[in-house]
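Visitor: Could you walk me through this structure, one question at a time, and show how each answer is reached?

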Amino acid sequence: MSDSQDLTGTGAPQGGPQPGDRDQITLINVRQGQFGAQGDTSGFDGLVRPVQMPGASERPYGEWFDGVVDVLEELLGDDAAAAIEHVVVDRGELTLRIAREHLIAVAQHLRDDQDLRFEMCLGVSGVHYPADAGRELHAVYPMQSITHNRRLRLEVAVSEADPHVPSIVSVYPMNNWHERETWDFFGIVFDGHPSLARIEMPDDWVGHPQRKDYPLGGIPVEYKGAEIPSPDNRRQYR
Amino acid sequence: MTQTAPHATGAFTDDPDAPEYSAYGGDWSEIADEAARLGQQRIVVNMGPQHPSTHGVLRVMLEIEGETVTETRAGIGYLHTGIEKNMEYRTWTQGVTFCTRMDYVASMSQELVYCLGVEKLLGITDDVPERANVLRVLMAELTRIGSHLVAVGTGGNEMGATTVMTTAFIAREDTFRVIEMISGLRTNNAYIRPGGVAQDAPEGAVKAIREMIPKVKQKLDELVDLQLANPIFKGRLKGVANLDLAGCMALGVTGPILRSAGLPYDLRKSEPYCGYETYDFQVPTSTDGDAYSRVVLRLEECYESLKIVAQCADRLEASEGEPVMVADKKIAWPAQLSVGSDGQGNSLDHIRHIMGESMEALIHHFKLVTEGFKVPAGQVYSAIEGPKGLLGVHLVSDGGTKPWRAHFRDPGFNNLQALGILTEGGQVADVVVAIATIDMVLGGVDR
């Protein structure tokens with residue numbers, strides 16, 4: 001499985017930093033400097049550090065992970081290699097990176113197969129990785145099996161230019177509001193959702209507030225003659 | 001709709017075709033003419049967002065025909081405060097003070113799930129001292145009791161039984177006295193911290209816990225006596241807001257609602273954390289799946305939680321003087337709190353140490369408090385059994401001192417999706433019962 005594989009199919013520019021020789025799963029952030037404000041006198045301004053997610057794991061994955069991946073691969077058949085892009089085992093948790101075209105099929109198998117039986121999807125958490133060029137927006141689905149008492153994570157990455165992920169509400173009706181929330185905050189469009197309206201922000205709100213390029217807001221506060229900048233503009237450790 | 005149990009809010013006549021008009025003010029003949037002119041037209045009513053029966057600022061859009069609800073939609077977002085976004089701009093430790101304010105009725109459950117997540121990211125889950133885990137369990141259970149008492153109490157209040165509310169709140173106040181004694185605050189405690197808890201239980205805490213237990217038990221007994229055999233209470237709750245197991249599984253409903261449908265799913269048993277596997281307690285379940293059974297379950301869970309609290313008191317007594325924070329000084333919060341003549345503040349011993357004795361200690365304190373500790377890059381999911389159901393958190397770290405992303409799965413947010421299935425086809429008055437039985441807190445739903 002190549003790590004340079006275009007995950008989105010949109011040909012979004014693959015610019016940005018591509019550092020490191022490890023198997024790059026997700027470039028979380030490129031950290032610059034040591035402090036929040038630019039132009040400080042510490043000499044750390046020129047520091048550039050790319051931060052990666054833990055890389056793909058090799059078999060055996062340990063615990064029950066191998067069995068679940070085996071069953072899923074068998075059920076997916078010829079699509080398995082294309083559907084499961086990476087398998088990551090980190091901190092005792094299994095993450096399956098899924099290509100979006102196969103997300104519904106994977107969800108269907110996870111729910112219905114008796115050896116998998118992940119009855120519940122605990123929602124979808126959006127994450128914005130602006131530095132991860134071409135796959136900036138991630139939808140993360142924690143899946144819970146009550147029968148087998150297991151939990152795993154599905155992760156789908158798409159680009160900001162084409163932020164479409166198929167809705168899994170048809171498989172997991174419980175995800176209805178969760179997908180609306182992730183649309184609201186991250187602008188990920190869940191295709192096939194019965195009613196993808198904003199849920200937390202007002203209907204006429206512009207922008208998706210939890211993206212990293214959306215400012216936190218806030219105003220400077222004057223305290224005893226000194227002006228304290230708003231939290232996102234403060235000089236601070238990173 | 002057929003009703004098996006006698007019901008307090010049903011129509012006066014059994015004839016389903018009989019027209020029914022309610023009005024406040026105005027001339028009756030004009031109202032009747034107007035109603036006749038409109039015929040069977042459906043009426044849409046907005047309940048909330050400032051309605052006293054909606055547990056905060058929930059807007060419920062009801063489409064009604066007479067007294068029957070034909071469609072229900074819930075509108076949320078009125079209490080969205082951007083807590084998850086704000087957490088991205090604060091250190092990992094400061095995150096506790098934010099997440100504790102989401103579901104403000106179950107503050108410490110959220111602190112616990114968040115700290116368990118941070119510890120998993122740090123890889124120090126097994127390093128948390130035993131005494132800290134006992135204190136965490138104690139706090140989580142006191143929080144559970146408080147949350148269930150609010151659920152039962154406000155539920156009673158919304159049906160017009162003020163005594164149920166006052167009794168429940170008196171008992172909750174008793175749990176708050178212990179919580180305040182140990183953490184310094186009644187709610188929004190920021191007591192559970194990554195690596196342990198903020199401070200050790202003060203002298204006399206075990207005694208206070210033991211004195212609290214019979215008081216709360218007595219109030220619980222009162223609530224049981226007051227409600228469970230009461231014909232009006234049964235009339236309002238039995239057979240109302242039904243949700244069977246299939247419905248729960250389709251909508252991802254957890255907590256007392258799921259257990260009232262017959263599935264004994266409780267993360268304290270299925271995925272024990274903080275040493276729950278070593279405590280002796282039961283998970284009450286029912287198969288009725290109605291509002292009445294959920295009140296019974298919440299009260300039974302309070303009794304079970306009191307059993308755990310009693311066991312915590314024994315363990316606190318046995319572990320007197322043991323640490324309540326991880327030994328790693330690079331993570332452990334440097335200061336301890338103490339109560340002085342002018343109230344609670346930093347311990348004077350600690351101030352003397354950093355200001356008068358050790359410059360290195362001062363530097364360490366300053367670095368850890370202002371900069372915080374770095375958390376290795378990666379993502380985790382941690383889940384606990386909150387009072388209202390499965391409470392989960394997804395945390396992503398970019399290797400820095402602040403969360404890259406913190407996303408909470410509030411059980412109320414998920415469970416509120418079931419409002420439609422709980423209310424459609426029932427009476428308007430039962431919507432209030434259904435909202436109370438979901439027991440969401442809008443602060444947690446909207447975050």
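Visitor: In what order do the three strands of the open sheet in chain B stand?

Guide: The model shown here is a predicted one. In chain B, three strands with antiparallel pairing form an open sheet. Strand 8 and strand 10 of chain B each have a single partner strand, so they stand at the edges, and one side of each is left without a neighbour in the sheet. Read across the sheet, the order is 8-9-10.

Visitor: By how many degrees are neighbouring strands of this sheet turned against each other on average?

Guide: The direction of the strands is ignored for this angle. Taken as an average over neighbouring strands of the sheet, the turn is 15 degrees.

Visitor: Which residue is the bridge partner of B:Ser397?

Guide: Strand 9 and strand 10 of chain B run antiparallel and are joined by six bridges. For B:Ser397, the partner lies in strand 10 of chain B, and that partner is B:Pro403.

Visitor: Which helix of chain B packs on the sheet?

Guide: The helix in question touches strand 8, strand 9 and strand 10 of chain B, and its direction makes about 150 degrees with that of strand 8. The element that packs on the sheet in this way is helix 4 of chain B.

Visitor: How many residues does chain A bring to the contact with chain B?

Guide: On its side of the contact, chain B supplies 39 residues, and the elements that each give at least two of them include helix 4, strand 8, strand 9 and strand 10 of chain B. By class, this side of chain B has 14 nonpolar, 16 polar and nine charged residues. From chain A, the contact takes 37 residues.

Visitor: What share of the residues in chain A is buried?

Guide: The secondary structure of chain A comes to four helices and 12 strands. Among the contacts in chain A with a separation of 6 or more, 57% are between residues 24 or more positions apart. Of the 238 residues in chain A, the buried share is 38%.

Visitor: How wide an arc do the buried residues of helix 3 of chain A cover around the axis?

Guide: In helix 3 of chain A, which spans residues 103-112, the buried residues are A:Leu103, A:Val106, A:Ala107, A:His109 and A:Leu110. They lie on the same side of helix 3 of chain A, because the arc they cover around the axis is only 165 degrees. What covers these buried residues includes helix 1, helix 2, strand 4, strand 7, strand 8 and strand 9 of chain A. The arc asked for is therefore 165 degrees.

Visitor: Is A:Asn149 buried, exposed or partly exposed?

Guide: Most residues other than glycine have a negative phi. A:Asn149, however, has a positive phi of about 55 degrees although it is not a glycine, and its place is in the loop between strand 7 and strand 8 of chain A. A residue counts as buried with 20 or more other C-beta atoms within 10 Å and as exposed with 12 or fewer. Because A:Asn149 has 13, it is partly exposed.

Visitor: Is B:Ala241 buried or exposed?

Guide: B:Ala241 also has a positive phi, near 55 degrees, in a residue other than glycine. Its place is in the loop between helix 8 and helix 9 of chain B. With 27 other C-beta atoms within 10 Å, B:Ala241 is buried.

Visitor: Which proline of chain A follows a cis peptide bond?

Guide: Most peptide bonds are trans. The bond that starts from A:Arg59 is cis, with omega near -5 degrees. The residue it leads to lies in the loop between strand 2 and helix 1 of chain A, and that residue is A:Pro60.

Visitor: How far apart are the centres of domain 1 and domain 2 of chain B?

Guide: The domain assignment of chain B gives domain 1 as 91-331 + 374-446 and domain 2 as 335-372. The contact takes seven residues from domain 1 and five residues from domain 2 of chain B. Taken over C-alpha atoms, the separation of the two centres is 32 Å.

Visitor: Which residue of strand 7 of chain B stands opposite B:Ser338?

Guide: Strand 6 and strand 7 of chain B pair in the antiparallel sense over four bridges. A hairpin joins these strands through two residues. Opposite B:Ser338 stands B:Gly345.

Terms used:
Residues are numbered from 1 along each chain as its sequence is written. Chains are lettered from A and ligands numbered from 1 in the order in which they are written. This is a predicted model: local features need pLDDT of at least 70, side-chain atom pairs count only at pLDDT 80 or more; totals for chains, interfaces and linings use all residues. Two residues are in contact if their C-beta atoms, placed from the backbone, lie within 7 Å. Ala, Val, Leu, Ile, Met, Phe, Trp, Tyr, Cys and Pro count as nonpolar, Asp, Glu, Lys and Arg as charged, and the others, Gly among them, as polar. Two strands pair if DSSP finds at least two bridges between them. Domain bounds come from an automatic or database domain assignment. The arc is that of the directions from the helix axis to the C-beta atoms. Axes are lines fitted to C-alpha atoms, for helices over the stretch in contact, and angles run from 0 to 180 degrees between N-to-C directions.
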